[in-house]
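Here are some exercises to work through with the model open beside you. Try each task before you read its solution.

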Amino acid sequence: MKQTIFALASAQGRAGVSVIRLSGPQSAEAIRALLGRLPKPRFATLGRLVHEGETIDQALVLYFKGPHSFTGEDCAEFHIHGSRAVLDRLYSIFRSMGLRHAEAGEFSRRAFENGKLDLTQAEAISDLVEAESEAQRQQALMQLDGGFRERYGQWRDSLIKLLAHIESIVDFPDEDIPESLSDKIVADIIALKSDIASAIDESKRGRQIREGYRIAIMGKPNAGKSSLFNALLGNDTAIVTPIAGTTRDVIESHIRIGNYTALIYDTAGLRETDDVVESEGIRRAKARGDTADLRLWVIDSSEPQAADLSGIRAGDYVVLNKSDRAKAEKIEAVKALIPTDTHLFETSLLTDTGTEALRMALEQHLEKALSLNTFPAATRERHMERLREAEACFDRALGIGFGTPELMAEDIRQALSAFDALFGRTDVEQVLDHIFSSFCIGK
């Protein structure tokens with residue numbers, strides 16, 4: 001961190017205004033060299049950027065004196081006209097001054113290493129930059145504001161108190177343990193274990209908000225799966241033909257449903273086949289259906305005898321398609337075969353009948369499945385691993401009991417270590433490298 005780094009903090013490409021960010025000990029020197037003076041910290045100054053007598057651009061310049069900056073170091077921002085020529089010229093000048101182009105996530109990493117952010121807040125910055133839906137934005141902001149740290153930090157504080165009580169038992173082995181103290185220690189461990197178990201259960205919802213709610217479209221060939229996929233997306237992403245087996249692989253796309261992002265999958269038609277390629281597509285379709293958060297089964301209601309209802313399970317959405325070509329008695333015959341604990345819809349994708357009702361039902365489904373008064377903070381597999389570690393430590397501590405208080409104390413210490421790793425206090429270097437490598441360059 002002795003080097004001063006620079007990078008484009010705004011989006012790539014031509015723009016009315018682009019922002020170049022600097023961080024490090026030479027930030028003030030770079031401003032003086034180009035602007036001719038150092039602005040008052042945290043105040044924007046308009047001026048000409050001049051290098052070796054040549055005017056580079058007219059820019060808005062800001063200076064942030066460390067530690068009162070995002071990274072905790074001296075920082076600068078150059079708000080310039082967003083042309084490739086201006087950017088390239090300034091990049092060249094910065095390199096000639098000995099500045100280095102930042103690596104992915106390096107600004108956020110410096111903020112973390114300087115104590116301006118914990119690791120969960122740094123991850124929230126990445127999530128906020130990537131947010132596409134209102135729910136993703138709210139969840140990322142809550143984590144960035146320290147909601148994660150506040151909730152889980154309280155549990156860590158409780159662990160420290162627990163450890164102090166157990167250590168007192170270790171330090172005075174000849175003293176009888178007051179029954180009230182032992183009961184309180186056990187009750188506190190059980191309460192913490194219950195809270196963490198609830199957090200683990202909630203984490204699925206956090207993942208669904210962050211990554212997208214997974215919806216798989218299933219059914220037999222030519223039932224209208226690809227047509228439904230295109231209708232929900234509002235474009236012709238999937239190829240639609242009368243030929244059975246046209247879709248042979250899983251096609252996926254993001255879609256906005258209300259305040260949420262969903263990942264919708266078009267899958268190969270399910271049938272018996274000797275075709276090796278189609279068989280692999282069917283295998284992948286079944287696997288995708290097994291891991292989906294919601295499955296939409298598309299059935300050709302004009303051919304009820306061809307419908308395969310064996311894979312439908314409770315909670316699935318069943319779409320009776322081609323209702324414009326089916327007689328009422330045929331539709332009723334199919335309905336009679338469908339399990340009652342599913343959700344039924346009639347559509348004609350050819351005439352766009354019934355699709356709006358399906359869209360509204362999907363929006364209500366996601367709102368019910370994902371909305372919370374406070375969003376769950378556990379959104380990544382890394383979070384889950386640490387929570388499971390802590391839960392396992394509690395199980396061992398309760399199993400050991402006060403017969404060997406030294407081992408009980410060690411399990412509580414390991415639970416504390418799991419929480420410290422969660423916030424980046426004890427993570428090894430390669431873990432930090434992996435996390436920050438997923439950030440964009442300017443963050």
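## Exercise 1: Rings that meet

Start with a cluster: Phe6, Phe78, Tyr91 and Phe94 are linked by ring pairs. Rings of Phe, Tyr and Trp (its six-membered ring) pair if their centres lie within 6.5 Å, and planes under 30 degrees apart count as stacked, over 60 as edge-to-face and the rest as tilted. Before you go on, note that this is a predicted model, where local features need pLDDT of at least 70, side-chain atom pairs count only at pLDDT 80 or more, and totals for chains, interfaces and linings use all residues. Residues are numbered from 1 along each chain as its sequence is written, and side-chain values use heavy atoms, with hydrogens and water left out.

Task: work out how Phe78 and Phe94 are arranged, and where each one sits.

Solution.
- Step 1. By the ring rule, the count of aromatic pairs is 5.
- Step 2. The pair of Phe78 and Phe94 is tilted, with 5.6 Å centre to centre and 50° between the planes.
- Step 3. Phe78 belongs to strand E5 (residues 75-82) and Phe94 to helix H2 (residues 84-96), so to speak of sequence, they are 16 residues apart. Helices (H or I, at least four residues) and strands (E, at least two) are DSSP runs, numbered from the N terminus.
- Step 4. Both Phe78 and Phe94 are buried. Buried means under 20% relative accessible area, exposed over 50%, and partly exposed in between (1.4 Å probe, protein chains only).

## Exercise 2: The strand that holds Phe6

Task: trace the partners of strand E1 (residues 5-8).

Solution.
- Step 1. Ile5 and Ala7 point one way from E1, Phe6 and Leu8 point the other way, and all are buried.
- Step 2. E1 pairs with strand E2 (residues 15-23) in the antiparallel sense, over 4 bridges. Two strands pair if DSSP finds at least two bridges between them.
- Step 3. Take Leu8: its bridge partner in E2 is Ile20.
- Step 4. The hairpin of E1 and E2 has 6 residues between the strands, and Gly13 takes a positive phi near 100° there.
- Step 5. E1 also runs parallel to strand E6 (residues 100-101), joined by 2 bridges. Ile5 stands opposite Arg100 in E6.

## Exercise 3: The six-stranded sheet

Task: lay out the open sheet of 6 strands and say which strands form its edges.

Solution.
- Step 1. The order is E8-E9-E7-E10-E11-E12, with mixed pairing.
- Step 2. Strand E8 (251-257) and strand E12 (343-346) are the edge strands, each pairing on one side only.
- Step 3. From one strand to the next, the twist averages 25°. Axes are lines fitted to C-alpha atoms, for helices over the stretch in contact, and angles run from 0 to 180 degrees between N-to-C directions.
- Step 4. Helix H9 (residues 276-291) lies across strand E7 (213-219), E8, E9 and strand E10 (294-300), and runs at about 135° to E7. Contact means heavy atoms within 4.5 Å.

## Exercise 4: Inside the sheet with E9

Task: is strand E9 largely enclosed or open, and why?

Solution.
- Step 1. 7 of the 7 residues of E9 are buried, so E9 is largely enclosed by the rest of the structure.
- Step 2. Look at the two directions: Tyr260, Ala262, Ile264 and Asp266 point one way from E9, and Thr261, Leu263 and Tyr265 the other way. In a regular strand the side chains alternate between the two faces of the sheet.
- Step 3. E8 and E9 (residues 260-266) pair in the antiparallel sense over 7 bridges. His254 has Leu263 as its bridge partner in E9, and Ile255 has Ala262.
- Step 4. In the hairpin of E8 and E9, with 2 residues between the strands, Gly258 takes a positive phi near 65°.
- Step 5. E7 and E9 run parallel and are joined by 5 bridges. Ala216 stands opposite Tyr265 in E9.
- Step 6. Tyr265 also has Arg288 over its face, at 4.3 Å from the ring centre. A charge sits over a ring if NZ of Lys or CZ of Arg is within 6 Å of the ring centre and within 35 degrees of the ring normal.
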